[in-house]
Amino acid sequence: MCAYPVEPFRIKTVEPIRLITPEERQEALRRAGYNLFALRAEDVFIDLLTDSGTGSMSQEQWSRMMSGDESYAGARSYYRLAESMQAIFGFEFFVPTHQGRAAENILCTLLVKPGSHVPSNMHFDTTEGNIRARGGIPENLVIDEAYHPTSRHPFKGNMDVDKLRAFIRRVGPENIPFGSLTITNNAGGGQPVSLANIRAVSEVYREYGIPFFIDACRYAENAYLIKLREPGYANRTPLEIAREIFSLADGAWMSAKKDALVNIGGFLATRDAALYERISNELILREGFVTYGGLSGRDMDAMATGLWEGLDENYLAYRLAQTEYLYNQLHAAGIPTIEPAGGHAVYVDAGRMLPHIPHAEFPGQALSAALYLEGGVRAVEIGSVMFAHPDPETGEMRYPELELVRLAIPRRVYTQAHLDYVAATLAQLKDQAGKLCGYKITSAPALMRHFTAQFAPLEG
Ligand code: F0G
């Protein structure tokens, strides 16, 4: 059993949290239409809904916030960010965006047409939503091991290169405006992609003249997992590994709310001057001028510093060991999860934990609602609420292979006792699993329904 890692920081500011009563939780969840996104955060005790924008900033980041330059154009903060960007990612051009999906929106607006296909190992929800919103069709081509929760393949985020070739030949490279890879693979258990696989995917995209963009939110965690698991990288720094990763791509976008350790921010980067010009025009129209892109100067300064802190080896060793600790606690309690531990989260296999609830009654939703009722813990469903959609040709509902509940760990926020509490709460739920009921959707929008759908429990 892996011991809890000693945090490479001490705590200087605290935010109180409290556990409301079971009756209050029942009432809060009912008022929220059983959608955990609709809860008031103050009614949550341990919030593992997301690791996005929920981390703690360092004293260096907070002091940079004070010296942020709020000039509309050419701010010092922008140039500091540009320096970090150049040193880590090495793309010729980039624009700041207010978060990852703003970058996705710009990229999809410019490149995706109705009927376009966009392959990836697995797209996350906002990427999928942005592709679909432009009439495009997202395609997930991850290796089969990703769908076997108990497979301990070290790089379950890898793309299946044979599937990619077959896919390109089937739909035609002219119908693929860009190809992607998500590192780490958030929709599939926070699993990393190996450098060998990134190189192989890059070669295939290049062979067919398809621009290759990396969805880079958790690139530092991915780089550290390469260091730990991929032969030949043990003596390389996360920075060196990151540089090698991005040297293989034509561009990238990032939600800086993850591995850049900020509460808001992102970027879109490319090597293509003509595309950069079109990106700039779109950015100015929707986000802001090219030297701030929807961020304040202080946000860019915090991001310029956070990018480096996110690559620090002491931090990454702690970060990944913390996730593994929670994973080990759950295993000791017999809770089925995706194996091995992911980078930023542990994914409970609700499909296996609640086998009596079919896809159409949302086992992940049932488990996450129960987790909140049991202990005030908020997680997110990554299953049929998030990813089921009607087949564009037959109209028949297509369900994802896995029904997951993600326990995402905010960066530098929770302690060992918090994670022990989460594991103990899940262990209690395991004993009542057979009694948990499914849910039906009572209202939902057409795209990205998990954020705002309303539910009702199916009693009995
Ligand atoms: N790509 C991936 C792989 C993500 O995980 C996210 C966000 C985005 C893109 C979009 O970035 O939120 O800054 O607009 N994921 C969060 C999550 C929301 O909870 O996993 P954003």
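Let me begin with Tyr34, which lies in the loop between helix α1 (22-31) and strand β1 (46-47), where helices (H or I, at least four residues) and strands (E, at least two) are DSSP runs, numbered from the N terminus. This is a predicted model, in which local features need pLDDT of at least 70 and side-chain atom pairs count only at pLDDT 80 or more, while totals for chains, interfaces and linings use all residues. Residues are numbered from 1 along each chain as its sequence is written, and side-chain values use heavy atoms, with hydrogens and water left out.

Phi of Tyr34 is near 60 degrees, a positive value in a residue other than glycine, and at 13% relative accessibility Tyr34 counts as buried, a word that means under 20% relative accessible area, with exposed over 50% and partly exposed in between (1.4 Å probe, protein chains only). Leu261, in the loop between β7 and β8, also has a positive phi, near 55 degrees, and is buried, with a relative accessible area of 3%. As background, most residues other than glycine have a negative phi, and most peptide bonds are trans. On that second point, the peptide bond from Ile183 to Thr184 is cis, with omega near -15 degrees, and Thr184 lies in the loop between β5 and α7. The bond from Glu339 to Pro340 is likewise cis, with omega near -15 degrees, and Pro340 sits in the loop between α12 and β9 (345-349).

Now to the sheet. In what order do the five strands of the open sheet stand? The order is β2-β8-β7-β6-β5, and the pairing is mixed, where two strands pair if DSSP finds at least two bridges between them. Strands β2 (93-97) and β5 (179-182) stand at the edges, each with a single partner strand, so one side of each is left without a neighbour in the sheet. From one strand to the next the twist averages 15 degrees.

At one edge, β2 runs antiparallel to β8 (residues 266-270), joined to β8 by five bridges, and Phe93 stands opposite Thr270 in β8. At the other edge, β5 and β6 run parallel and are joined by four bridges, with Thr182 opposite Asp215 in β6. In a regular strand the side chains alternate between the two faces of the sheet. Strand β6 (residues 212-215) is covered on both faces, Phe212 and Ile214 being buried on one side and Phe213 and Asp215 on the other.

Which helix has nine of its eleven residues buried? That is α8 (residues 219-229), so α8 is largely enclosed by the rest of the structure. The buried residues of α8 include Glu221, Asn222 and Lys227, and what covers the buried residues includes α3 (76-88), α7 (195-207), α9 (238-247), β7 (251-255), α11 (297-309) and α12 (313-332), contact meaning heavy atoms within 4.5 Å.

Two helix pairs are worth describing. Two packed helices are described by the angle between their axes and the distance between the axes. Helices α4 (residues 100-111) and α10 (residues 273-286) have axes that come within 10 Å and cross at roughly 120 degrees; axes are lines fitted to C-alpha atoms, for helices over the stretch in contact, and angles run from 0 to 180 degrees between N-to-C directions. That makes α4 oblique to α10, since angles under 35 degrees count as roughly parallel, over 145 as roughly antiparallel, 65 to 115 as roughly perpendicular and the rest as oblique. The contact is made by Asn105, Ile106, Thr109, Leu110 and Leu111 of α4 with Leu275, Arg278, Ile279, Glu282, Leu283 and Arg286 of α10.

In the second pair, α12 and α16 pack at an angle of about 30 degrees, with their axes 9 Å apart, and are therefore roughly parallel to each other. Here Gln322, Tyr325, Leu326, Gln329 and Leu330 in α12 meet Gln416, Leu419, Asp420, Val422, Ala423 and Leu426 in α16.

I will close with two single residues, one in a helix and one in a loop. Glu128 lies in helix α5 (residues 125-133) and is buried, with a relative accessible area of 10%; not counting residues up to four places away in sequence, Glu128 touches His123, Pro138, Asn140 and Phe387. Gly434, by contrast, lies in the loop between α16 (416-432) and β15 (439-443), and at 64% relative accessibility Gly434 counts as exposed.
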